[in-house]
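Student: Please take a close look at one part of this structure. What surrounds it, and how do the pieces meet?

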Amino acid sequence: GAFLAAVRWSLLLATKSEKTKIINVYPINLIGQFFSTFLPGVVTGDFLKLLYIKDIDKDLNKSFLLSTVLIDIIIGLIGLIIVSGLSSIYFYTDLVSLSPKMKPLLSFNIMLLVGAAIFILILFLPDNFKKRVIDLFNIVPIIGEKLASIISTFWKIGESKAAVLKPLAISICIHL
(Lines give C-alpha, C1' and ligand atoms only; values in the text may rest on other atoms or scores of the structure.)
Protein backbone atom coordinates (compact mmCIF):
# COMPACT_ATOMS: atom_id res chain seq x y z
CA GLY A 1 0.00 0.00 0.00
CA ALA A 2 2.79 2.43 0.84
CA PHE A 3 4.53 1.74 -2.45
CA LEU A 4 1.31 2.17 -4.43
CA ALA A 5 0.61 5.44 -2.60
CA ALA A 6 4.09 6.64 -3.57
CA VAL A 7 3.44 5.65 -7.19
CA ARG A 8 0.17 7.58 -7.08
CA TRP A 9 1.89 10.74 -5.81
CA SER A 10 4.80 10.39 -8.24
CA LEU A 11 2.33 10.29 -11.15
CA LEU A 12 0.91 13.61 -9.97
CA LEU A 13 4.38 15.10 -9.55
CA ALA A 14 5.41 13.87 -13.00
CA THR A 15 2.95 16.30 -14.60
CA LYS A 16 5.50 19.05 -13.94
CA SER A 17 8.82 17.42 -13.04
CA GLU A 18 10.91 14.66 -14.56
CA LYS A 19 13.19 14.50 -11.50
CA THR A 20 10.49 13.09 -9.22
CA LYS A 21 10.76 9.42 -10.12
CA ILE A 22 9.38 6.67 -7.91
CA ILE A 23 12.91 5.83 -6.75
CA ASN A 24 13.04 9.30 -5.11
CA VAL A 25 9.41 9.60 -4.06
CA TYR A 26 9.04 6.23 -2.28
CA PRO A 27 11.52 6.98 0.55
CA ILE A 28 9.99 10.43 1.01
CA ASN A 29 6.53 8.85 1.21
CA LEU A 30 7.79 6.46 3.91
CA ILE A 31 9.23 9.41 5.84
CA GLY A 32 5.85 11.14 5.61
CA GLN A 33 4.07 8.03 6.89
CA PHE A 34 6.55 7.76 9.76
CA PHE A 35 5.92 11.34 10.86
CA SER A 36 2.16 10.92 10.47
CA THR A 37 2.30 8.28 13.19
CA PHE A 38 3.98 10.53 15.72
CA LEU A 39 2.87 14.05 14.90
CA PRO A 40 -0.66 15.28 15.60
CA GLY A 41 -3.00 15.17 12.64
CA VAL A 42 -3.13 12.72 9.80
CA VAL A 43 -1.83 15.09 7.12
CA THR A 44 1.24 16.40 8.98
CA GLY A 45 3.42 13.75 7.35
CA ASP A 46 2.04 14.72 3.97
CA PHE A 47 3.10 18.31 4.47
CA LEU A 48 6.54 17.28 5.70
CA LYS A 49 6.95 15.39 2.42
CA LEU A 50 6.83 18.76 0.70
CA LEU A 51 10.08 19.81 2.38
CA TYR A 52 11.86 16.69 1.20
CA ILE A 53 10.52 16.70 -2.37
CA LYS A 54 11.56 20.34 -2.75
CA ASP A 55 15.20 19.19 -2.33
CA ILE A 56 14.84 16.86 -5.32
CA ASP A 57 13.50 19.49 -7.71
CA LYS A 58 13.97 23.09 -6.62
CA ASP A 59 11.99 24.33 -9.65
CA LEU A 60 8.71 23.07 -8.19
CA ASN A 61 6.78 25.92 -6.62
CA LYS A 62 4.93 25.73 -3.33
CA SER A 63 1.42 25.94 -4.78
CA PHE A 64 2.13 23.04 -7.17
CA LEU A 65 3.55 20.87 -4.38
CA LEU A 66 0.69 21.74 -2.03
CA SER A 67 -1.80 21.00 -4.81
CA THR A 68 -0.26 17.60 -5.54
CA VAL A 69 -0.45 16.64 -1.87
CA LEU A 70 -4.05 17.83 -1.64
CA ILE A 71 -4.99 16.06 -4.87
CA ASP A 72 -3.25 12.91 -3.63
CA ILE A 73 -5.29 13.02 -0.41
CA ILE A 74 -8.50 13.75 -2.33
CA ILE A 75 -7.85 10.98 -4.88
CA GLY A 76 -7.20 8.57 -2.01
CA LEU A 77 -10.51 9.59 -0.45
CA ILE A 78 -12.32 9.38 -3.78
CA GLY A 79 -10.93 5.88 -4.29
CA LEU A 80 -12.39 4.88 -0.93
CA ILE A 81 -15.71 6.54 -1.79
CA ILE A 82 -15.85 4.68 -5.12
CA VAL A 83 -15.17 1.32 -3.46
CA SER A 84 -17.75 1.92 -0.72
CA GLY A 85 -20.31 3.42 -3.13
CA LEU A 86 -20.07 0.60 -5.64
CA SER A 87 -20.16 -1.95 -2.80
CA SER A 88 -23.27 -0.24 -1.43
CA ILE A 89 -24.94 -0.52 -4.83
CA TYR A 90 -23.86 -4.11 -5.42
CA PHE A 91 -24.74 -5.41 -1.94
CA TYR A 92 -27.71 -3.09 -1.34
CA THR A 93 -30.36 -5.81 -1.18
CA ASP A 94 -28.28 -8.11 1.02
CA LEU A 95 -27.37 -5.36 3.47
CA VAL A 96 -30.91 -3.99 3.71
CA SER A 97 -32.25 -7.50 4.33
CA LEU A 98 -29.84 -7.80 7.28
CA SER A 99 -31.08 -4.53 8.75
CA PRO A 100 -33.49 -2.00 7.26
CA LYS A 101 -31.63 0.66 9.27
CA MET A 102 -28.80 0.35 6.72
CA LYS A 103 -30.82 2.18 4.03
CA PRO A 104 -29.78 5.71 5.07
CA LEU A 105 -26.11 4.74 5.26
CA LEU A 106 -26.18 3.01 1.89
CA SER A 107 -28.00 5.97 0.35
CA PHE A 108 -25.37 8.30 1.80
CA ASN A 109 -22.57 6.14 0.31
CA ILE A 110 -24.27 6.30 -3.09
CA MET A 111 -24.66 10.10 -2.82
CA LEU A 112 -20.96 10.37 -1.98
CA LEU A 113 -20.19 8.27 -5.06
CA VAL A 114 -22.17 10.68 -7.23
CA GLY A 115 -20.38 13.63 -5.62
CA ALA A 116 -16.99 12.02 -6.27
CA ALA A 117 -17.92 11.48 -9.92
CA ILE A 118 -18.94 15.14 -10.21
CA PHE A 119 -15.62 16.23 -8.66
CA ILE A 120 -13.66 14.16 -11.17
CA LEU A 121 -15.72 15.64 -14.01
CA ILE A 122 -15.02 19.17 -12.71
CA LEU A 123 -11.31 18.55 -13.28
CA PHE A 124 -12.04 18.11 -16.99
CA LEU A 125 -14.21 21.23 -17.53
CA PRO A 126 -13.62 23.45 -20.58
CA ASP A 127 -10.92 26.12 -20.30
CA ASN A 128 -13.28 29.10 -20.69
CA PHE A 129 -15.32 27.94 -17.66
CA LYS A 130 -12.15 27.41 -15.63
CA LYS A 131 -10.97 30.93 -16.46
CA ARG A 132 -14.25 32.44 -15.23
CA VAL A 133 -14.02 30.54 -11.94
CA ILE A 134 -10.40 31.63 -11.43
CA ASP A 135 -11.41 35.25 -12.14
CA LEU A 136 -14.13 34.97 -9.46
CA PHE A 137 -11.62 33.70 -6.90
CA ASN A 138 -9.21 36.53 -7.73
CA ILE A 139 -11.92 39.02 -6.65
CA VAL A 140 -11.91 37.65 -3.08
CA PRO A 141 -9.67 39.82 -0.88
CA ILE A 142 -6.60 38.43 0.93
CA ILE A 143 -6.91 34.69 0.19
CA GLY A 144 -8.44 34.88 -3.29
CA GLU A 145 -5.15 34.86 -5.19
CA LYS A 146 -3.79 31.90 -3.21
CA LEU A 147 -7.01 29.91 -3.71
CA ALA A 148 -7.01 30.79 -7.41
CA SER A 149 -3.42 29.59 -7.69
CA ILE A 150 -4.19 26.27 -6.00
CA ILE A 151 -7.35 25.72 -8.05
CA SER A 152 -5.58 26.54 -11.31
CA THR A 153 -2.86 24.04 -10.37
CA PHE A 154 -5.59 21.44 -9.74
CA TRP A 155 -6.91 22.10 -13.23
CA LYS A 156 -3.46 22.04 -14.81
CA ILE A 157 -2.94 18.57 -13.38
CA GLY A 158 -6.44 17.66 -14.57
CA GLU A 159 -5.54 18.65 -18.15
CA SER A 160 -3.87 15.26 -18.41
CA LYS A 161 -6.65 12.73 -17.87
CA ALA A 162 -4.05 10.02 -17.33
CA ALA A 163 -2.54 12.06 -14.47
CA VAL A 164 -5.88 11.85 -12.67
CA LEU A 165 -7.29 8.50 -13.76
CA LYS A 166 -4.15 6.41 -13.19
CA PRO A 167 -3.72 7.60 -9.58
CA LEU A 168 -7.45 7.06 -9.08
CA ALA A 169 -7.16 3.48 -10.32
CA ILE A 170 -4.18 2.95 -7.99
CA SER A 171 -6.23 4.37 -5.11
CA ILE A 172 -9.08 1.99 -5.84
CA CYS A 173 -6.61 -0.94 -5.88
CA ILE A 174 -5.18 0.18 -2.52
CA HIS A 175 -8.66 0.24 -0.97
CA LEU A 176 -9.70 -3.06 -2.46
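Tutor: Helices here are DSSP runs (H or I, at least four residues), as strands are (E, at least two), numbered from the N terminus. The model is predicted, so local features need pLDDT of at least 70 and side-chain atom pairs 80 or more, while totals for chains, interfaces and linings use all residues. Residues are numbered from 1 along each chain as its sequence is written, and side-chain values use heavy atoms, without hydrogens and water.

Take helix H1, residues 2-13. Start with its packing on helix H4, residues 62-90. The two axes (lines fitted to C-alpha atoms over the stretch in contact, with angles from 0 to 180 degrees between N-to-C directions) are 10 Å apart. The angle between H1 and H4 is about 135°. H1 is therefore oblique to H4 (under 35 degrees is roughly parallel, over 145 roughly antiparallel, 65 to 115 roughly perpendicular, the rest oblique).

Which residues of H1 meet H4? Ala5, Arg8, Trp9, Leu12 and Leu13 do, with contact meaning heavy atoms within 4.5 Å. On the H4 side, they meet Phe64, Leu65, Thr68, Val69, Ile71, Asp72, Ile75 and Gly76. By class, this contact of H1 with H4 has 9 nonpolar, 2 polar and 2 charged residues (Ala, Val, Leu, Ile, Met, Phe, Trp, Tyr, Cys and Pro are nonpolar; Asp, Glu, Lys and Arg charged; the others, Gly among them, polar).

Look at Asp72 in H4. Asp72 is buried, at 6% relative accessible area (buried is under 20%, exposed over 50%, partly exposed in between; 1.4 Å probe, protein chains only). From H1, Ala5, Arg8, Trp9 and Leu12 touch Asp72. Lys49 touches Asp72 too. These contacts leave out residues up to four places away in sequence.

H4 also holds Ser63. Beyond four places in sequence, Ser63 is in contact with Ser149 and Thr153. Leu121 is 58 residues from Ser63 in sequence, and their C-alpha atoms are 22 Å apart.

Now turn H1 towards helix H9, residues 161-175. Here the axes come within 9 Å and cross at roughly 170°. H1 and H9 are therefore roughly antiparallel. H1 contributes Leu4, Ala5, Val7, Arg8, Leu11 and Leu12 to the contact. H9 contributes Ala163, Lys166, Pro167, Ile170, Ser171 and Ile174. The class count is 9 nonpolar, 1 polar and 2 charged residues. Ala5, Arg8 and Leu12 appear in the contact with H4 and in the contact with H9.

H1 also takes part in aromatic pairing. The structure holds 4 aromatic pairs (rings of Phe, Tyr and Trp, its six-membered ring, with centres within 6.5 Å; planes under 30 degrees apart are stacked, over 60 edge-to-face, the rest tilted). One of them joins Phe3 and Tyr26, edge-to-face, at 5.4 Å centre to centre and 75° between the planes. Phe3 lies in H1 and Tyr26 in helix H2, residues 22-38, so the pair ties together parts that are 23 residues apart in sequence. Phe3 is partly exposed, with a relative accessible area of 44%. Tyr26 is partly exposed as well, at 29%. Elsewhere, Phe34, Phe35 and Phe38 form one aromatic cluster.

One last residue, for contrast. Ile142 is in the loop between helix H7 (127-139) and helix H8 (144-158). Its phi is near 65°, a positive value in a residue other than glycine. Ile142 counts as exposed, at 84% relative accessibility, whereas Asp72 is buried.
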